[in-house]
Amino acid sequence: MFDSKQFEKDAAEIMARYDQKKAATLPLLHLVQEKIGYIPPEGEQWVSEKVGVAIVHIREVVSFYTMFRTKAIGKHHIQVCTNLPCVLRGAEQVMAYLKERLGIDAGQTTPDGKFTLSSVECLCACEIAPMCQVNDRYIGPLDRAAVDKLLQDCV
Amino acid sequence: MASEMVLSKRLKNPGGAWFDAYVADGGYAAAKKVLTAMTPAQVIDEINKANLRGLGGAGFPTGKKWSFIPKDSPKPKYLVVNADEGEPGTFKDRYLLERDPHALIEGMLIAAYSIGCHKAYVYIRGEYIEPYRRFVRAIEEARKKGWIGEAVQGKWDWEVTVHRGAGAYICGEETALLSSLEGGKGFPRLKPPFPAISGLFASPTIVNNVETLCCVPPIIRNGAEWFAKIGTPKQGGTRLFSLSGHVEKPGLYEAPVSVTLRQLIEQQGGGVRGGKKLKAVVPGGISAKILTAAEIDVAMDFDSLTAAGTMAGSAGVIVMDESTCMVKALLTAAKFFAHESCGQCSPCREGPGRLYKIIQRVAAGQGRRQDLDVLLAVAGNMEGKTICVFADAAAWPIQSYIRKFRSEFEHHVETGTCELGHAYAHH
Ligand SMILES: Cc1cc2nc3c(=O)[nH]c(=O)nc-3n(C[C@H](O)[C@H](O)[C@H](O)COP(=O)(O)O)c2cc1C
Ligand code: SF4
Ligand code: FES
């Protein structure tokens with residue numbers, strides 16, 4: 001299912017922006033993840049060939065950054081901030097309620113593949129604490145009603 | 001105070017982000033003046049006179065940093081914008097990227113001209129997807145309007161590449177950011193050499209924070225004296241303070257750097273939430289040492305906060321009221337540092353994880369007599385021994401929370417319970 005042809009045009013554009021090939025590593029990995037949903041071994045191989053770096057280094061890069069993943073996740077990725085400013089305003093209760101509603105723990109995906117729940121560090125939106133990121137969007141402040149609404153909007 | 005606002009007037013107007021609105025507010029006049037009527041040395045002189053200090057956290061004088069770029073180097077010179085905002089309690093750069101992207105672009109252009117740079121990179125934290133999109137849109141506008149590209153104002157060629165991070169707090173540290181931008185893991189590098197001598201692709205590089213660069217156009221427009229006068233004799237201008245935690249009105253507030261912590265909390269923040277009593281404040285992002293309620297009559301400029309034994313850092317002000325359990329607050333901070341060490345240096349690879357485990361034990365009511373001293377000893381061993389100051393920053397909360405709120409920690413250890421009735425939840 002990994003077909004590098006679907007990336008070639010975007011890849012050429014990305015690589016043209018950098019003074020050195022290797023600097024395109026992160027944007028190319030983002031590209032693979034955007035299109036496929038995660039970074040499969042073939043994706044690592046493809047990036048490694050593009051930027052001219054051994055695949056072991058690409059693997060290390062993938063595992064260093066929290067946003068890169070090597071497995072598929074749920075359609076809606078709910079990342080709850082559990083850093084101090086959010087905790088001061090109730091992040092733990094929000095997390096507990098999400099676990100209860102979804103029936104999963106942080107780090108898990110619902111059996112229907114709809115939701116993945118994660119606990120993350122400060123997303124730098126502490127003015128809307130407690131908050132979370134759902135795919136591209138920041139949402140907060142959260143209470144039970146806001147969580148209910150957020151889940152409903154996903155369905 | 002209102003007449004002295006440098007950045008927030010435009011931030012209040014979310015519709016004012018785009019090119020025409022920016023120009024209507026006087027935008028790009030400073031860049032035009034610089035490119036057509038000033039030499040790089042004159043610009044640097046003006047920035048020096050304005051007493052602009054780096055607002056990413058370290059407070060290094062910006063003009064002085066720019067002057068470190070070797071003029072005779074045959075290598076390309078780079079400007080790298082640090083938009084990897086990640087310091088817990090801080091959200092100012094997100095507002096600037098989203099609501100005043102052209103101010104950043106104009107500041108970048110002036111900086112690029114001043115240091116002889118024809119290629120700039122903007123490193124935006126990966127989670128900032130909407131800010132990234134808005135900033136890229138502004139870049140495209142600026143290119144169309146002739147402010148990016150060849151012969152800008154008939155004078156300067158420059159290009160801008162916008163780069164996204166991928167989730168690693170340490171990449172906010174400038175040398176880690178460069179390692180990451182080059183395509184590797186976000187590993188900090190030993191300094192010296194400083195980036196101004198050998199930075200991106202081993203070439204002379206200036207790394208500046210978003211807010212620092214956004215201050216540059218107003219300085220050129222209104223004059224260095226104007227900017228300098230707003231602040232203290234050693235730090236000009238204002239800062240964007242991120243107020244979070246137990247205040248009535250969390251949010252972003254601009255104030256002259258000489259504002260006191262009390263004024264920020266009581267006036268801008270609307271006081272402590274629900275009329276409760278203040279207990280403690282972290283004044284400069286989670287890494288800064290904590291202050292007690294009795295210590296808030298301090299000015300928020302870099303030098304005053306250093307003199308008070310803490311730091312101005314990122315200007316992220318985290319407020320805690322009397323209901324806050326300091327053990328739990330420290331537990332949350334320790335979790336962060338245990339998660340974010342890059343693992344290159346042994347004291348920092350082992351230390352934060354160990355600290356977190358011990359505090360978990362204390363918070364869970366299973367603390368041992370010696371635990372507090374062990375915490376202080378482990379933290380002490382992390383200071384001043386590593387490639388970057390992350391390890392020191394991880395030690396500061398431990399030391400300051402325990403020293404200033406020792407009896408609360410002792411109560412947890414001795415009785416296994418929290419006086420304030422907090423339960424410990426594991427994430
Ligand atoms: C652990 C650590 C994290 C940092 N995070 C950031 C950050 O998120 N944003 C930032 O601008 N500077 C950050 N800095 C400071 C940078 O290293 C650097 O001083 C700054 O980007 C320089 O720009 P300035 O002089 O304009 O402030 C961090 C430093 C350390 C040690
Ligand atoms: S101090 Fe910590 S974060 Fe900094 S380089 Fe060493 S291991 Fe990495
Ligand atoms: S602590 Fe949650 S966004 Fe900053």
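Chain A has seven helices and four strands. Reading from the N terminus, those elements come in the order α-α-α-α-β-α-α-β-β-β-α. Keep in mind that this is a predicted model. Below is a tour of chain A, then chain B, with a stop at a salt bridge that joins the two.

**Chain A: layout**

- Along its principal axes, the C-alpha trace of chain A spans about 50 × 30 × 25 Å.
- Chain A is split into domain 1, covering 4-64, and domain 2, covering 76-154.
- If you take the centres of these two domains of chain A over C-alpha atoms, 30 Å separate them.

**Chain A: helices α2 and α3**

- Two packed helices are described by the angle between their axes and the distance between the axes.
- In chain A, helix α2 (residues 25-36) and helix α3 (residues 41-51) have axes that come within 10 Å and cross at roughly 150°.
- That angle is over 145°, the cut-off for the label, so α2(A) counts as roughly antiparallel to α3(A).
- The crossing in which α2(A) passes α3(A) is right-handed.
- On the α2(A) side, the contact is made by Thr25(A), Leu28(A), Leu29(A), Leu31(A) and Val32(A).
- On the α3(A) side, the contact residues are Gly43(A), Trp46(A), Val47(A), Lys50(A) and Val51(A).
- Sort the contact of α2(A) with α3(A) by class and you get seven nonpolar, two polar and one charged residues.

**Chain A: a positive phi**

- Most residues other than glycine have a negative phi.
- Asn135(A) goes the other way: its phi is near 50°, a positive value in a residue other than glycine.
- You'll find Asn135(A) in the loop between β3 and β4 (137-139) of chain A.

**Salt bridges**

- Over all chains, the structure holds 34 salt bridges.
- One of them pairs the side chains of Lys335(B) and Glu121(A), at 3.0 Å from N to O.
- Lys335(B) sits in helix α15 (residues 326-340) of chain B, while Glu121(A) is in the loop between β2 (115-120) and β3 (132-134) of chain A, so this pair joins two chains.

**Chain B: domains**

- The domain assignment cuts chain B into domain 1 (2-229), domain 2 (238-321) and domain 3 (326-415).
- The C-alpha centres of domain 1 and domain 3 of chain B lie 35 Å apart.
- Those two domains of chain B do touch: ten residues of domain 1 are in contact with seven residues of domain 3.

**Chain B: helix α18 and its partners**

- Helix α18 (residues 390-404) of chain B and helix α17 (residues 371-380) of chain B have axes that come within 9 Å and cross at roughly 145°.
- α17(B) passes α18(B) in a left-handed crossing.
- From α17(B), Leu372(B), Leu375(B), Leu376(B), Ala379(B) and Gly380(B) meet Ala395(B), Ile398(B), Gln399(B), Ile402(B) and Arg403(B) of α18(B).
- By class, the contact of α17(B) with α18(B) has seven nonpolar, two polar and one charged residues.
- Helix α16 (residues 346-363) of chain B also packs with α18(B): their axes come within 10 Å and cross at roughly 20°.
- An angle under 35° counts as roughly parallel, and α16(B) and α18(B) therefore get that label.
- α16(B) passes α18(B) in a left-handed crossing.
- The α16(B) side of this contact is made by Cys348(B), Pro352(B), Leu355(B) and Ile359(B), and the α18(B) side by Phe390(B), Ala391(B), Ala394(B) and Ile398(B).
- The class count for the contact of α16(B) with α18(B) is eight nonpolar, no polar and no charged residues.
- Watch for Ile398(B) of α18(B), which appears in the contact with α17(B) and in the contact with α16(B).

**Chain B: cis peptide bonds**

- Most peptide bonds are trans.
- The bond from Lys191(B) to Pro192(B) is cis, though, with omega near -10°.
- A cis peptide bond also joins Pro192(B) and Pro193(B), where omega is about 0°.
- Where is Pro192(B) found? Look in the loop between α9 (174-181) and β5 (205-209) of chain B.
- Pro193(B) lies in the loop between α9 and β5 of chain B as well.

Note on methods
Residues numbered from 1 in each chain as written. Chains lettered and ligands numbered in written order. Predicted model: local features only at pLDDT ≥ 70, side-chain atom pairs only at ≥ 80, totals over all residues. Heavy atoms only, no water. Axes fitted to C-alpha atoms, helices over the stretch in contact; angles between N-to-C directions. Parallel < 35°, antiparallel > 145°, perpendicular 65-115°, else oblique. Left-handed = near helix turned anticlockwise from the far one by under 90°. Contact = heavy atoms within 4.5 Å. Nonpolar A, V, L, I, M, F, W, Y, C, P; charged D, E, K, R; others polar. Domains from an automatic or database assignment. Salt bridge = Lys/Arg side-chain N within 4 Å of Asp/Glu carboxyl O.
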